[in-house]
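Student: I should like to go through this model and ask, for each label, what justifies it.
Tutor: Please do; each answer will set a value against its definition.

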Amino acid sequence: MLIIGAGINGIGTFRDLALQGVDVVMVDRGDFCGGASAASSHMVHGGIRYLENGEFRLVREAVHERNRLLENAPHYTKPLQTTIPMFKWFQDYLTPRSNSLDC
């Protein structure tokens, strides 16, 4: 199997195939995980950031990958409780309304 691109998805695919005994070759134009995947943030967000735009397919995919990471590498990951303020969705319910009729 030839994998082009050594980002987080390429590395994950490489690992899965190698564990199944498939011969795998990976090529990349730069360093492995040298792009956005190598940034300083190491948070596995589980797709929450995609909810704002209604990208539910990406949410499902991210949750699936997060759960696999928690299962396969519990020594590298740990769940954190998170609070996400959502002012925009509830703004109409939180803003006081006047009792007078606007004409």
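Student: Which strands each supply at least two residues of the nonpolar patch?
Tutor: Strand 1 (2–4) and strand 2 (25–27) do; a strand here is a DSSP run of E with at least two residues, a helix a run of H or I with at least four, both numbered from the N terminus. The model is predicted, so local features need pLDDT of at least 70 and side-chain atom pairs pLDDT 80 or more, while totals for chains, interfaces and linings use all residues. Residues are numbered from 1 along each chain as its sequence is written, and side-chain values use heavy atoms, without hydrogens and water.

Student: What makes Leu2, Ile4, Val25 and Val27 a nonpolar patch?
Tutor: Patch members have over 30% relative accessible area and no salt bridge; nonpolar side chains (Val, Leu, Ile, Met, Phe, Trp, Tyr) are joined within 5 Å, like charges within 9 Å. Together the four residues have about 390 Å² of accessible area, a value from the Shrake-Rupley method with a 1.4 Å probe, where only the protein chains shown cover a residue.

Student: Is isoleucine 4 called buried or exposed, and why?
Tutor: Buried means under 20% relative accessible area, exposed over 50%, and partly exposed in between (1.4 Å probe, protein chains only). Isoleucine 4 has 69%, and is therefore exposed.

Student: Why is isoleucine 48, in helix 2 (residues 48–51), placed in another class than buried?
Tutor: Its relative accessible area is 40%, so isoleucine 48 counts as partly exposed.

Student: How do you know that the length of helix 1 (residues 8–19) agrees with expectation?
Tutor: The expected span is 1.5 Å times one less than the number of residues. For the 12 residues of helix 1 that gives 16 Å, and the end C-alpha atoms are 17 Å apart, which agrees.

Student: Why is the pairing of aspartate 16 with arginine 68 called a salt bridge?
Tutor: The term requires a side-chain nitrogen of Lys or Arg within 4 Å of a carboxyl oxygen of Asp or Glu. Here the N to O distance is 2.8 Å, so the pair satisfies the definition. Aspartate 16 lies in helix 1 and arginine 68 in helix 3 (residues 56–72), 52 residues apart, so the pair links distant parts of the chain.

Student: What makes arginine 57 and glutamate 61 a salt bridge?
Tutor: Their side chains meet at 3.4 Å, N to O. Both residues lie in helix 3, four residues apart, about one turn of the helix. Arginine 57 is exposed at 53%, whereas glutamate 61, at 40%, is partly exposed.
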